[in-house]
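This briefing concerns the structure shown below. The points that follow are grouped by topic.

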Amino acid sequence: MRAECEAITRARKWRSILNDEATEREVDVRFNLVKGLYGDRLDDEQLDEVRKGVEGIVAASEALRTVRLDNGDEPFWVFTPHREEG
């Protein structure tokens, strides 16, 4: 939980460093890619939802960019032992 809070804090700092124009450009580029591929199948309301989803993905990617990993870093595994009933 602490790591998640630290990641969120770093993401907020990262977002303040980023130029909002650059962030909007990234959202626009990604949204236009989806719209170009599937826009003819979606109505305006669905396109608005897609744009909101893209904005969320860009925000999440900003948070992920703040996490610094070394080449040797491994995923965090949670070991849960199996307990037999009875």
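In this predicted model, Arg51 sits over the face of the Phe31 ring, 5.2 Å from the ring centre. Phe31 is one of the buried residues of helix α2, and it is also in contact with Val50. The structure holds zero aromatic pairs.

**Contacts around Val50 and Val34**

- Val50 is located in helix α3, whereas Val34 belongs to helix α2.
- With neighbours within four places in sequence left aside, Val50 is in contact with Phe31, Val34 and Leu42.
- On the same basis, the contacts of Val34 are Gly39 and Val50.
- The C-alpha atoms of Val50 and Val34 are 8.2 Å apart, and the two residues are separated by 16 residues in sequence.
- Val34 and Arg51 are 17 residues apart along the chain, with 9.2 Å between their C-alpha atoms.
- Val50 has a relative accessibility of 23% and therefore counts as partly exposed, since buried would require a value under 20%.
- Val34, at 27% relative accessibility, likewise counts as partly exposed.

**Helix α2**

- Helix α2 comprises 19 residues, from 20 to 38.
- At 1.5 Å a residue, α2 should span 27 Å, and its end C-alpha atoms are 27 Å apart, which agrees.
- The buried residues of α2 are Thr23, Glu26, Val27 and Phe31. Because they cover an arc of only 120 degrees around the axis, they lie on the same side of α2.
- The face of α2 turned away from this buried side carries the exposed residues Glu21, Val29, Leu33 and Gly36.
- As general background, an α-helix has 3.6 residues a turn, so residues three or four places apart point the same way.

**Helix α3**

- Helix α3 comprises 22 residues, from 44 to 65.
- The expected span of α3, at 1.5 Å a residue, is 32 Å; the end C-alpha atoms are 31 Å apart, which agrees.
- Leu47, Val54, Val58, Ser61 and Glu62 are the buried residues of α3. Seen down the axis, they fall within an arc of 105 degrees, so they line one face of the helix.
- The face of α3 turned away from its buried side carries the exposed residues Glu45, Lys52 and Leu64.
- Asp43 caps the N-terminal end of α3, with a side-chain oxygen 3.1 Å from the backbone nitrogen of Glu45.

**The segment after α3**

- Asp73 lies in the segment that follows α3.
- A polar atom of the Asp73 side chain is 2.6 Å from the backbone nitrogen of Asp70.
- Asp73 counts as partly exposed because its relative accessibility is 41%.

**Overall architecture**

- The protein holds three helices and zero strands, and its elements run α-α-α from the N terminus on.
- Of the 86 residues in the protein, 15% are buried.
- Among contacts between residues at least 6 apart in sequence, 71% join residues at least 24 apart.

Note on methods: Residues are numbered from 1 along each chain as its sequence is written. This is a predicted model: local features need pLDDT of at least 70, side-chain atom pairs count only at pLDDT 80 or more; totals for chains, interfaces and linings use all residues. Side-chain values use heavy atoms; hydrogens and water are left out. Helices (H or I, at least four residues) and strands (E, at least two) are DSSP runs, numbered from the N terminus. The expected span of a helix is 1.5 Å times one less than its number of residues. Buried means under 20% relative accessible area, exposed over 50%, partly exposed in between (1.4 Å probe, protein chains only). The arc is that of the directions from the helix axis to the C-beta atoms. A polar contact is a pair of N or O atoms within 3.5 Å; within protein, one must be able to donate a hydrogen and the other to accept it, and residues adjacent in sequence count only if both atoms are side-chain atoms. Rings of Phe, Tyr and Trp (its six-membered ring) pair if their centres lie within 6.5 Å; planes under 30 degrees apart count as stacked, over 60 as edge-to-face and the rest as tilted. A charge sits over a ring if NZ of Lys or CZ of Arg is within 6 Å of the ring centre and within 35 degrees of the ring normal. Contact means heavy atoms within 4.5 Å.
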